[in-house]
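Thanks for asking me to look through this one. My notes follow as numbered points, to be read alongside the structure.

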Amino acid sequence: MSYVNVDTIEELLSLGPMPAVKDPYPIYKKLRDESPVFETKSSDETSISGNPRSVLITRYDDVKQVLKDDETFSSAIVQRTMGVVMGPTIVGMDGKEHLKHRTLVTPSLTTRALKRDSDFPTLVRKIADDYIDKFANKGAVDLHAAFCFDFPLTVFTSLLGLPAGDVEKVHKWGQALCLVAFDPAAGLEASENLYNYMISIVQAKRKEPQDDMISMLVQAEVDGEKLSDLEVISFLRLLTLAGAETTNHLIGTSFVAMTRNPELFEQVKADRSLVPTMLEEAMRWESPVSTVMREAVCDTEIGGIPVEKDTAIICHIGSANRDERQFNDPDTFNMNRDEGDAIPFGYGRHYCAGSHLAKLEGEIGMNALLDRLDNVRAQPGEDYSVVGFSFRGPDRVPITFDTV
Ligand code: HEM
């Protein structure tokens, strides 16, 4: 893998959502200090969202202000862009429509729903162990390819009751959905493939509901209204995307931090109560979902700077979580922080609906790896890193280890 060095935000923005850029943080720091509401596109350029201009915001307080004020800053832009491949989903809805749909879909993702089957954590652990079994006696592995990439999606597909053999196919479609702005044809093809794959499953669950997530979705009712097949499938497409490019980065990023500082590995291995703290700090340090979009519905201001109606706003969560105005020594991975309030799962009404699942998978997966691997170190001479712009995660995690 060759990594790209970039010095300016213009270069970075030209590289797409997952460029192999190791350390864009000096660029974000400069923006926070000198240009916290940075114009990325003026009205004489065209863009996929159709907005006449667009700004990138990088300060913690500004990102929170925009995500909190959903009356001034709409998510409809997400529907016009990602909605092309996902269909109608809560992430692109505002106001009452959002509330109604969120009430319909989120019960299927709460801790109670996930643990309704008390065997669910046991099943997640078994999935983790099955992946670890494949490399446990080898002494060296790329953890990203051998574990992080497939583990969360296997959990997710088993939650939906899909065949285990379909994980790879579903994962590829999920990734293609993420890249729709850069490869529309592949995004649309993946969207259609997911529809064709899911429709017979959804219809079968409508006829004969069982105790699983899709059955909950098809039966959910608010004010006498149920979700249509298209709405259920659109939500499943959103979850596929969320499953493909988020949770997989949690464990990988934690291992990047631990191989850079092996003492951290020994500390967390010895005291498992630190696992949730480690995952939280990993998500602050390298936020898997680093940007989310909004648009201004009227002339307004962000952090005191005027912003015109219809401006698209790229809210940089990853930069907000490294803002020195909020976090001491923000570039350092530090499990002893007491500032709190990092926002890797977003903020306000669109706060991540899958955060319980992400944390549950992260904790169980991490504990399985800590139980079964000893003396984890980076493979000598290997260059690897967390990379990306809109999404951040390691592309490889080459480690050596002793088997417990
Ligand atoms: C580490 C893992 C994850 C991170 C960092 C993450 C991050 C986020 C963020 C930042 C948002 C807010 C989007 C916005 O404001 O426009 C979001 C929304 C959402 N996430 Fe996650 N996510 C993760 C895992 C998951 C998982 C595993 C699922 C489900 C399988 C999921 C489902 C959702 C849904 C349904 C929404 C939309 C909520 C709404 O619009 O009301 N996420 N996520």
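1. A word on pairing before the sheets: two strands count as a pair if DSSP finds at least two bridges between them. On that basis, strands S4, S14 and S11 form an open, antiparallel sheet in the order S4-S14-S11. S4 and S11 are the edge strands with a single partner each, so one side of each has no neighbour in the sheet. Ignoring direction, neighbouring strands here are turned by 30° against each other on average. Please keep in mind throughout that this is a predicted model.

2. Here are the pairings inside that sheet, one at a time. S4 (residues 140-142) and S14 (residues 398-403) run antiparallel and share 3 bridges. Within this pairing, Asp142 sits opposite Pro398 of S14. On the other pairing, S11 (residues 373-378) is joined to S14 by 4 bridges, again in the antiparallel sense. If you want residues to click on, Ala378 has Ile399 of S14 as its bridge partner, and Asp374 is matched with Asp402 of S14.

3. Next comes another open sheet, made of 5 strands in the order S1-S2-S10-S7-S3, with mixed pairing. Strands S1 (37-41) and S3 (73-74) are at its edges and have a single partner strand each, so one side of each is left without a neighbour in the sheet. S1 is joined to S2 (residues 54-57) by 4 bridges, and the two strands run antiparallel. In that pair, Val37 stands opposite Ile57 of S2.

4. Which strands does helix H3 touch as it packs on this sheet? H3 (residues 60-68) touches S2, S3, S7 (291-296) and S10 (312-316). The direction of H3 makes about 125° with that of S10.

5. Now to the helix packing, beginning with H15 (residues 247-260) and H19 (residues 355-372). Their axes are 9 Å apart and the packing angle is about 40°, which makes H15 oblique to H19. The crossing of H15 and H19 is right-handed. On the H15 side the contact uses Thr247, Leu250, Ile251 and Ser254, while H19 brings Ala358, Glu361, Gly362, Gly365 and Met366. Sorted by class, this contact of H15 with H19 holds 4 nonpolar, 4 polar and 1 charged residues.

6. H15 also packs against H17 (residues 275-285). The axes of H15 and H17 come within 9 Å and cross at roughly 90°; the two helices are therefore roughly perpendicular to each other. Leu250, Thr253, Ser254 and Ala257 of H15 meet Met278, Leu279, Ala282, Met283 and Trp285 of H17. By class, the contact of H15 with H17 has 7 nonpolar, 2 polar and no charged residues. Leu250 and Ser254 deserve a look here, since both are listed in the contact with H19 and in the contact with H17.

7. Are H11 and H12 parallel, perpendicular or oblique to each other? H11 (residues 167-178) packs on H12 (residues 184-207) at an angle of about 135°, with the axes 8 Å apart, and the helices are therefore oblique to each other. The crossing of H11 and H12 is left-handed. Trp173, Ala176 and Leu177 of H11 make the contact with Ala186, Gly187, Ala190, Ser191, Asn193 and Leu194 of H12. The contact of H11 with H12 divides into 6 nonpolar, 3 polar and no charged residues.

8. Last, the ligand. Of the 28 residues around the ligand, which come nearest? They are Ala242, Gly346, His350, Cys352 and Gly354. By class, the shell around the ligand consists of 20 nonpolar, 7 polar and 1 charged residues.

9. As for where the shell residues come from, H14 (229-244), H15 and H19 each supply at least two of them. H14 gives the largest share, with 4 residues. Two of these suppliers, H15 and H19, are also the helices that pack at about 40° in point 5, and that makes a handy starting view for the ligand site.

How values were computed
Residues numbered from 1 in each chain as written. Predicted model: local features only at pLDDT ≥ 70, side-chain atom pairs only at ≥ 80, totals over all residues. Axes fitted to C-alpha atoms, helices over the stretch in contact; angles between N-to-C directions. Parallel < 35°, antiparallel > 145°, perpendicular 65-115°, else oblique. Left-handed = near helix turned anticlockwise from the far one by under 90°. Contact = placed C-beta atoms within 7 Å. Nonpolar A, V, L, I, M, F, W, Y, C, P; charged D, E, K, R; others polar. Near = placed C-beta within 6 Å.
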